[in-house]
Amino acid sequence: MTAVLKIQDADGIRDFSGSDFPVAIRVSGQGGIRFGGAAESAPVAWLGFEHERLFIQAEEGAVEIGLNGVLLTRSSWLTAKDEVRIASATYSLKTDAGMLVLILVERPSNTQPVSLKPLSPPPFDTAIISPLPIQPKHARWRRLLLGMFILLVLCVVFVLAAVPVDIRVEPAPDSVSLNGMPPPVMVGERYLVWPGSYRVAAEKTGYRRLDELIEVEFGAISTLQYQLRKLPGLLKVTSPPVNSAEVWIDGNRVGSTPLDMLEVEAGAHDLRVTAERYLPYQQAIDIQGMGAQQSIEVLLKPGWGSLLVNSDPDGADVWMDGELVGQTPLQFEPMQGQHQIELQKTGWKAASAEVQIAPGEQIALPTIRLQKIDGILELKTAPAGATVLLNGQFQGVTPLSLALVSDQPHQLHLSKAGAISLLQTVRVEGGQRQALDIALKPEYGTLFITSWPADAELKIDAALKGPATGRFKLTTREHRIEVTKPGYKPFTTALTPSAGVAKKLQVRLQGINEVKRAEAKPASKTVTTAAGQRLQVIVIDKPVRFQMGASRREAGRRANEQLHEVALTRAYYLSEKEVTNGQFQQFRQAHVVVPAVLNLPVTSVSWDDATRYVNWLSEKEGLPPAYTEEQGHMYATSPLTSGYRLPTEAEWAFAARYEGGMRTAGKPLKYPWEGGLPPPPKSGNYADQRAAGSIAITVQGYSDGYPAVAPVGQFPPNKLGLYDLGGNVAEWCHDYYDLRPAGSAAGQPDPTGPTTGSYHVVRGASWRHGSITELRLSYRDYAEKPRDDLGFRIARYAEK
């Protein structure tokens with residue numbers, strides 16, 4: 001049938017014939033205007049066609065319908081140039097070839113949807129419509145034919161120039177459209193469109209509306225694929241019984257609980273809920289979208305534990321991590337983690353403790369017993385310089401200020417060389433300064449000196465005492481002993497008498513000619529003993545001064561390694577290797593060993609047996625013995641002879657650390673090898689990883705191939721050609737042991753150590769040693785009895 005009305009808007013161009021009337025008008029939820037059958041379910045107005053005329057009639061109680069700026073309350077005829085306003089959309093009416101065309105002038109806004117009240121179609125009220133003049137039918141036919149011809153031409157042109165456009169939308173939409181000018185033509189599942197700009201629209205319940213502008217180019221076949229996005233889901237988050245917990249989605253804060261109807265895009269998200277003093281809650285969530293409502297109830301777990309703090313006495317302020325939290329006795333709820341607890345009370349010392357607490361954990365700290373604030377004891381002695389021990393702990397030397405726990409007894413022990421030790425109990429009041437002056441009583445010992453020649457003179461501490469041979473009462477401190485006679489080399493030594501024990505000193509002065517012979521350059525760089533040992537000469541052309549001990553800053557240093565200067569003036573021989581089982585067996589037939597260990601260093605021998613061995617060597621070669629035996633014990637001659645003996649501690653250190661003066665710039669070795677820890681391969685026999693099961697401290701990452709003692713000479717020698725000065729077995733030295741190293745006080749050259757003592761010096765690491773302290777060449781040890789890792793090497797002064 002012939003169209004009498006054309007409507008042109010965002011949905012395209014639609015024709016309506018007389019049989020299509022009445023035409024319903026509806027406003028959609030998005031504010032769009034719909035005409036025809038799709039609008040009949042909830043019309044806001046109707047278009048009617050009577051007497052070849054078009055009219056409009058509004059539904060009561062729907063939306064406002066305006067005609068030419070006037071609110072429409074009843075039916076009204078429509079003519080060309082009329083302007084009809086429906087909700088927020090405006091249409092203008094014009095004629096085209098005798099047909100009315102309703103054209104959308106202002107597009108409705110989708111941001112403010114219109115709420116519609118469903119209405120049922122009312123009967124037409126035609127009585128109020130005034131008749132309009134009717135145009136002659138032949139004029140209308142002419143215009144209709146002309147219009148059809150033009151339309152046919154346009155269709156042909158359109159078909160020739162049109163471009164097929166295939167629109168594919170996933171998921172399948174409820175509606176899809178392609179709008180633009182000229183309007184697209186639907187052919188099968190494709191649109192035929194004129195090249196230009198078009199707008200693709202698609203809708204589906206639960207998804208966002210698709211509205212996109214496209215450009216269609218001439219000659220191109222376009223396939224447009226779209227994926228509809230789901231509408232957001234509605235999320236409800238609660239956290240009973242905690243309110244105002246912060247809610248985070250994908251790292252963004254979105255509000256606080258209780259949170260209701262939060263729009264969240266469909267898909268996977270990370271939900272995090274936090275509240276003060278509670279553990280953070282985190283969960284992966286999957287939002288369904290499409291307006292679906294989802295609820296999540298979060299149960300936050302407490303982030304604190306319970307801590308009970310008691311003190312003796314009560315009433316101490318409790319500070320946690322620098323913040324005052326209460327007074328003892330106190331039970332409170334700190335957050336999880338590690339905390340520093342400190343108790344403070346006036347008149348008492350502060351006390352602290354560290355505590356690690358987990359959520360929900362209940363901890364009761366042991367009662368913290370506070371100590372009263374210290375008092376100060378100003379201690380002086382006459383003479384000064386007394387060593388002070390307080391409750392068995394070294395504090396220093398007098399004069400000294402001591403901080404003592406108040407109102408408690410303290411054991412004060414004072415000792416000084418040459419004075420009787422004093423033990424006294426002291427108390428001080430808290431916060432008070434108390435002076436204590438103590439006069440120490442002198443302590444004496446007896447010294448018997450036998451000299452040769454007998455008429456030699458004696459000086460003690462530079463004071464002339466007369467003939468050197470005699471009995472002398474001296475204080476029990478270190479004294480400098482000098483024995484002199486014209487034509488003889490003076491003898492000097494440092495000696496400390498002992499209370500209740502008489503000491504003996506035998507002095508044999510050397511004539512000048514004997515001294516000259518002894519100080520002459522050695523005739524040979526090496527000598528070989530009667531037992532087959534080879535000795536290397538350590539040449540000293542002029543007095544050599546070097547440092548023994550270690551700096552206080554050196555890692556592993558012990559208190560007996562005081563740094564001090566030592567002088568050597570006499571050349572000496574030192575055996576290349578330690579004395580073996582086979583060599584010692586020549587001296588003592590009872591020392592029975594199997595052949596397999598003949599080349600192992602002899603161990604488990606006492607210092608006395610080691611000196612008996614070197615005296616045996618001297619006797620075999622006609623040399624004066626360096627030691628004498630009295631009541632089953634060996635003592636060194638004074639002065640030392642040119643016979644075989646054990647090396648002095650100073651000689652051992654000079655050969656090991658300075659390599660007999662061959663070290664560049666005089667810098668001593670710290671370890672028996674160049675560099676630091678761990679030792680390079682083949683550095684020596686130490687407590688390596690093979691001994692880890694039997695020795696507590698081993699050298700990590702080092703293996704020397706021997707779980708215990710190794711044959712002598714298995715590792716490279718030092719620059720002097722001396723083997724195993726570090727490693728294999730430790731070595732007896734000539735000197736008696738003292739906390740102060742040889743020569744540190746007296747300053748005499750060629751020191752030989754104290755004249756008496758209970759222990760002898762032991763130098764060098766052994767196969768049992770693996771710590772940084774023991775591996776250093778400055779390490780000083782001492783012993784009284786044999787050990788399975790302790791042996792010896794031999795020495796003697798060099799002669800022409």
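A charge is taken to sit over a ring when NZ of Lys or CZ of Arg is within 6 Å of the ring centre and within 35 degrees of the ring normal. With that criterion in hand, select R570 and Y797 in this predicted model: the charged end of R570 sits over the ring of Y797, 3.7 Å from its centre.

Before going further, colour the chain by pLDDT. The mean value is 85, and 91% of the residues reach 70 or more. The stretch to treat with caution is residues 108-139, where the pLDDT is below 50, although in the model this stretch has 61 contacts beyond near neighbours in sequence.

Next, select residues 444-452, 470-475 and 502-508. These belong to an open sheet of 3 strands, arranged in the order β46-β43-β50 with mixed pairing. The edge strands are β46 (470-475) and β50 (502-508), each of which pairs on one side only. If you look along the sheet, neighbouring strands are turned by 30° against each other on average, with direction ignored. In general, the strands of a sheet pair through backbone hydrogen bonds, either parallel or antiparallel. Here, β43 (residues 444-452) and β50 pair in the parallel sense over 7 bridges, and to find one of the bridge partners you can show W452 together with R508 in β50. While this region is on screen, display the side chains of Y444 and K473 as well: K473 lies over the face of Y444, at 4.4 Å from the ring centre.

Now move to the aromatic residues. The structure holds 22 aromatic pairs, and a good one to begin with is that of F584 and Y613, whose ring centres are 5.6 Å apart and whose planes meet at 25°, so the pair is stacked. This pair links distant parts of the chain, since F584 is in helix α3 (residues 581-587) and Y613 is in helix α4 (residues 607-620), 29 residues apart. Are F584 and Y613 buried or exposed? Both are buried, and for Y613 the relative accessible area is 0%.

Keep Y613 selected and add F587. The centres of these two rings are 5.8 Å apart and their planes stand at 85°, so this pair is edge-to-face. It too links distant parts of the chain, with F587 in helix α3 and Y613 in helix α4, 26 residues apart. To see the wider group, add W616 and F792: ring pairs link F584, F587, Y613, W616 and F792 into a cluster.

From there, follow the chain into the loop between α3 and α4, where L600 has its place. L600 has a relative accessible area of 13% and is therefore buried. Which residues is L600 in contact with, leaving aside its neighbours within four places in sequence? They are T580, N581, V709, A710, P711 and V712. For a sense of scale, draw a distance from L600 to G360: the two are 240 residues apart in sequence, and their C-alpha atoms are 65 Å apart in space.

Finish at helix α5, residues 649-657, with the surface of the rest of the structure switched on. Of its 9 residues, 9 are buried, so the helix is largely enclosed by the rest of the structure. Stepping along α5, you pass the buried residues E649, A650, E651, W652, A653, F654, A655, A656 and R657. The last stop is E659, which follows α5 and whose phi is positive, near 50°.

Terms used:
Residues numbered from 1 in each chain as written. Predicted model: local features only at pLDDT ≥ 70, side-chain atom pairs only at ≥ 80, totals over all residues. Heavy atoms only, no water. Pairing = 2+ DSSP bridges. Helix = DSSP H or I, 4+ residues; strand = E, 2+ residues; numbered from the N terminus. Axes fitted to C-alpha atoms, helices over the stretch in contact; angles between N-to-C directions. Buried < 20%, exposed > 50% of the residue type's maximum accessible area, 1.4 Å probe, protein only. Phe/Tyr/Trp six-rings, centres within 6.5 Å; stacked < 30°, edge-to-face > 60°. pLDDT = per-residue confidence, 0-100. Contact = heavy atoms within 4.5 Å.
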